[in-house]
Amino acid sequence: MIDNGLIEKILEAAADVSAAAVDDIIAKAGGFGGLTLEEVAALLVAASAEQKARILQVAGQVKERIYGNRIVLFAPLYISDYCVNNCAYCGFRQECKRPRFKLSQEELRAEVKVLERMGHKRLALEAGEDPENCPLDYVLECIDTVYSLKFGSGDIRRVNVNVAAMDVGGYKRLKDAAIGTYVLFQETYHRPTYENSHKSGPKADYGYHLTAFDRAMEAGIEDVGAGVLFGLYDHKFEVLALMMHNQHLEQRFGVGFHTVSVPRIRAGGGAAKYPHAVNDEDFLQLMAVLRLAMPFVGMIVSTREEPEMRKQLVQAGISQMSAGSVTSVGGYSGGTTGDEQFKLADHRAAGEIIYWLMEEGILPSFCTACYRSGRSGTQFMNLAKGGDIKNVCIPNGLLTLKEYALDYGDARFKQLADKLIEKNINKLENKKWIKSKLVALKNGERDVFV
């Protein structure tokens, strides 16, 4: 699936690509048709400073052409920090001798209540790997609890799940629990680095971890989300490996990644420990190249990044981001708070991030409609590749923003939201339908979507 030797040869050959050829690749990328491994390598290796700026610009245009000027918002929800793995980069690793926590169902309700009050409708359920203290039965119970809760007119409508690799039977049980996207980070595709970073525990098995999405899709899970922890190894290698993994899934199942996350190690004083840590310029470039290489995939940035970097990433093609995140167990409600899995760099409250997006003219979206309408897997990608997914993304974003404004917004927020909604309505063909649904929301109807 991942051919290390081929990747190295492609990267080596990319150094000889001419400036004119790089220009041609950038122009091709603007057509939304994706790129080959060789073309991606050329953009990563041979692009000049002027061409890098153009790559960022075109990536932003591609994202807007496909998904519109909207950003989907979500929050992580950590249910357990018990873990039997020793992953060198993770605050939950087994060798950290400290108290461990997992949420009771009552504590989980308290966490969800806080998240719902933030306005979130989409969560990413997170847990360490520990078959004894955090078995699949417990994860499934938590999913069921989250879906069962309703506070006033608010509820969580989609639970994405980021839990350990498992067998096909386990994935079938996740599928039956009506999860959204199944998320699993490979962390690094470079096998020697992977093995050096994962000293013990089930996650140390590179092959089993790498083939997890195959088993998930065999079990009927149509949407899977990948990710690399950029900085463990050369970011150019990782980008090409992500593409290889995506191509493998497309060839076998007819559809590849639904989302790709782009977290990175922040070196700080630990540069010697992480010599491949990615600087800001390279990070923006790699993300933009990923958008051009896989134009229809949802690109996610977390609160690992500072506000200014998140702003630049949005302009260069990011389509989803977390808001108001906490990366410890029980941290939202202040209950059984454990240690953070990683340090945050964007400490703004969810409401502040929503305000910021609107002031930038960007539509904050709380949409969860596609999965519940059956637009997942190949159906979603066919709509995206046909240029039609924006026709549901924008209306649903407008409707969820109006719902948020009615339920959580003050007078200033409502005024700003209505102005943004009106501006976007004027770009739509189905103005009459949208306006009727906005009236329905004002009259008390909720969860209106296309």
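A cavity here is a set of grid points where a 1.4 Å probe fits but cannot get out, and its lining residues have an atom within 4 Å of a point. Keep that in mind as you work through this predicted model.

**Exercise 1. Find out which residues line the largest cavity, and which helix gives the most to that lining.**

Solution. Start with the count: there are four cavities of 30 Å³ or more. The largest cavity has a volume of about 50 Å³. Now go round its walls: you'll meet Arg157, Phe366, Cys367, Thr368, Ala369, Arg372, Asn396, Thr400, Glu403, Asp447, Val448 and Phe449. Two elements, α15 (369–372) and α17, each give two or more residues to this lining. α17 comes out ahead, giving the most with three residues.

**Exercise 2. Work out which helix gives the most to the lining of the second largest pocket.**

Solution. First, the space: the second largest pocket holds about 350 Å³. Next, pick out its lining, which runs through Glu64, Gly68, Asn69, Lys390, Asn391, Ile394, Pro395, Asn424, Lys427, Leu428, Glu429 and Asn430. Then match these to helices: α17, covering residues 390–408, gives the most, with four residues. So you've met α17 in both exercises, because it also gives the most to the lining of the largest cavity.

**Exercise 3. Describe helix α12: what is its span, and how many of its residues are buried?**

Solution. Take the span first. α12 is made of residues 280–293, 14 in total, and reaches 20 Å from its first C-alpha to its last, close to the 20 Å expected at 1.5 Å a residue. At its start, a side-chain oxygen of asparagine 279 comes to within 3.2 Å of the backbone nitrogen of glutamate 281.

Now check the burial, where the cut-off is under 20% relative accessible area. Eleven of the 14 residues pass, so α12 is mostly covered. Among them are Phe283, Leu286, Leu290 and Ala293. The cover includes α2 (19–29), α3 (37–45), α4 (49–67), α11 (235–253), β7 (298–301) and α13 (307–315).

**Exercise 4. Which residues touch the most other members of the largest nonpolar core, and which element gives the most to that core?**

Solution. The largest nonpolar core has 152 residues, and Leu174 and Phe257 touch the most other members. As for elements, α12 gives the most to this core, with nine residues. To finish, look around phenylalanine 257: leaving out residues up to four places away in sequence, its contacts are Tyr189, Phe213, Val224, Ala226, Leu242, His245, Asn246, Leu249, Met294, Val297 and Met381.

Note on methods
Residues numbered from 1 in each chain as written. Predicted model: local features only at pLDDT ≥ 70, side-chain atom pairs only at ≥ 80, totals over all residues. Heavy atoms only, no water. Expected span 1.5 Å × (residues − 1). Buried < 20%, exposed > 50% of the residue type's maximum accessible area, 1.4 Å probe, protein only. Contact = heavy atoms within 4.5 Å. Polar contact = N/O pair within 3.5 Å; in protein donor to acceptor, adjacent residues only side chain to side chain. Core = buried A, V, L, I, M, F, W, Y, C linked by side-chain atoms within 4.5 Å. 1 Å grid on protein atoms, 1.4 Å probe; cavity = no way out; pocket = protein on both sides within 12 Å on 5 of 7 lines; lining within 4 Å. Points joined across faces, edges and corners; volume = space filled by probe spheres on them.
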